[in-house]
Amino acid sequence: MRDTLLIALYAFAGAAVTGLAGAGALRLLRRRSLTASLTVVAAVGVVAMLAGTLAVAWAMFLSPHDLTVVTTVVAMAAVVSLATALLLGRWVVARSRELALAARSFGDGGDFSAPDGPATAELESLSRELAATSAKLAESRDRERALETSRRELVAWISHDLRTPLAGLRAMSEALEDGVAADPDRYLRQIRTEVERLNGMVGDLFELSRIHAGTLPLNPARISLYDLIGDALAGADPLAREHGVKLVGDDVDAVPVEVDGKEMSRVLGNLLVNAIRRTPADGTVAVAAERSHDGVVVSVTDGCGGIPEEDLPRVFDTGWRGTHARTPPAGAGLGLAIVRGIVEAHHGRATVRNIPGGCRFEVTLPAAHG
């Protein structure tokens with residue numbers, strides 16, 4: 001038993017010394033190639049075995065012949081182990097370089113394509129993660145391009161819509177100043193109308209900037225949709241009469257919701273104004289509200305004739321108005337963008353789809369608890 005303990009002690013001492021030396025070598029080579037690290041690991045295993053074997057052999061006083069045999073066997077094992085470690089290291093390094101080159105492509109704006117051929121489980125997992133990251137970056141770039149396009153369109157359309165009333169205001173003010181206005185009171189009324197429209201556009205821009213900045217203040221309270229929609233219909237009735245459009249709100253359930261009454265009234269008002277302006281005379285704009293498995297759905301249905309399918313994804317984009325709506329009464333294309341921003345701030349969603357003869361805008365809100 002005592003001899004067995006001594007053999008184990010000698011073997012452990014030789015292996016421990018080799019392991020410490022290997023750890024020091026790995027620390028020195030930690031910034032070098034993976035091939036060097038694998039070679040050191042293989043060498044530590046073989047040399048540790050050799051050191052332990054020689055220590056035990058010396059303690060046991062083996063004959064020189066037996067000691068030579070043991071040393072030769074261990075040395076051959078060391079050569080094979082080191083050669084295998086080198087080959088494995090070079091293969092792993094080559095696969096890592098291929099992966100690095102592939103990863104560089106999506107960093108430069110391209111798509112990641114994993115290199116062909118077998119790989120270790122770790123490299124395969126890294127490849128999958130890089131592919132997922134590449135897809136997310138591509139989506140982010142697409143969103144950024146869409147937002148940049150939307151911003152450019154918004155600036156162009158706002159500039160166009162501001163230029164027309166400003167030119168009119170300038171002409172009317174010069175006419176009043178020169179005393180050549182045939183009906184000064186009519187000019188003054190028109191100036192006030194244009195100023196109010198400009199003030200509305202500035203208010204919409206301010207509201208949209210708060211939405212995009214995430215600083216839109218909300219004061220949610222428990223409100224009945226029946227009352228909320230009733231007030232919105234009453235506010236939109238004069239515009240509907242002016243356009244000869246019939247407003248219908250008979251299919252509205254008295255469903256309670258937790259919303260900011262002021263902001264939600266703006267949502268309904270924007271949807272109704274948009275629907276009335278797009279619906280021809282003698283048409284109908286219908287408002288409905290009902291419970292659903294997602295919460296509460298408020299819908300506004302118009303008779304606009306439908307939106308081209310390719311334009312449906314852009315309806316709620318900032319500044320979008322469609323090719324048929326580039327006239328000043330159509331506004332600056334901010335109303336529906338504000339609708340989506342306010343609804344999403346309430347943790348809801350706004351959607352639109354075509355129906356026979358028109359469109360159906362839907363606002364889904366979380367149902368009130370309790």
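Which strand holds Glu290? Glu290 is found in strand S4, which covers residues 284-292. Before following that residue further, let us step back to the whole chain. Keep in mind throughout that what you have in front of you is a predicted model.

The protein has 370 residues, and 34% of them count as buried. Its secondary structure comes to eight helices and seven strands. If we take contacts between residues at least 6 apart in sequence, 70% of them join residues at least 24 apart. The accessible surface comes to about 21,900 Å², and carbon and sulfur atoms account for 60% of it.

Now back to Glu290 and the surface. Together with Asp250, Asp251 and Asp253, Glu290 forms a patch of negative charge there. Why is Glu290 classed as partly exposed? Its relative accessible area is 40%, and the partly exposed class runs between 20% and 50%, so Glu290 belongs in it.

For a contrast, turn to helix H6, residues 225-243, where you will find Leu239. Leu239 has a relative accessible area of 18%, and because buried means under 20%, this residue counts as buried. Which residues does Leu239 meet, once its neighbours within four places in sequence are set aside? They are Val273 and Ile276. The C-alpha atom of Leu239 is also 8.6 Å from that of Arg277, a residue 38 places away along the chain.

Helix H7 spans residues 261-278, and it leads us on to helix H8, as H7 is part of what covers the buried residues of H8. The cover also includes helix H5 (184-213), strand S6 (349-355) and strand S7 (358-365). Helix H8 itself runs over residues 335-345, and its buried residues are Leu336, Ala337, Ile338, Val339, Gly341, Ile342 and Val343. Just after the helix, His347 takes a positive phi of about 65 degrees.

Strand S7 deserves a closer look through one of its residues, Thr364. Is Thr364 buried or exposed? With a relative accessible area of 7%, Thr364 is buried, because that value is under 20%. Leaving out residues up to four places away in sequence, Thr364 touches Asp294, Val296, Val297, Val343, Gly348 and Arg349. Among these partners, Val343 is one of the buried residues of H8, and Arg349 falls within strand S6 (349-355). Thr364 thus offers a good place to see H8 and S7 meet, through its contact with Val343.

Note on methods
Residues are numbered from 1 along each chain as its sequence is written. This is a predicted model: local features need pLDDT of at least 70, side-chain atom pairs count only at pLDDT 80 or more; totals for chains, interfaces and linings use all residues. Side-chain values use heavy atoms; hydrogens and water are left out. Patches are made of residues with over 30% relative accessible area and no salt bridge: like charges are joined within 9 Å, nonpolar side chains (Val, Leu, Ile, Met, Phe, Trp, Tyr) within 5 Å. Accessible areas come from the Shrake-Rupley method with a 1.4 Å probe; for residues, only the protein chains shown count as cover. A salt bridge is a side-chain nitrogen of Lys or Arg within 4 Å of a carboxyl oxygen of Asp or Glu. Lys and Arg count as positive and Asp and Glu as negative; His and the chain ends are not counted. The place of a charge is taken as NZ of Lys, CZ of Arg, CG of Asp or CD of Glu. Helices (H or I, at least four residues) and strands (E, at least two) are DSSP runs, numbered from the N terminus. Buried means under 20% relative accessible area, exposed over 50%, partly exposed in between (1.4 Å probe, protein chains only). Contact means heavy atoms within 4.5 Å.
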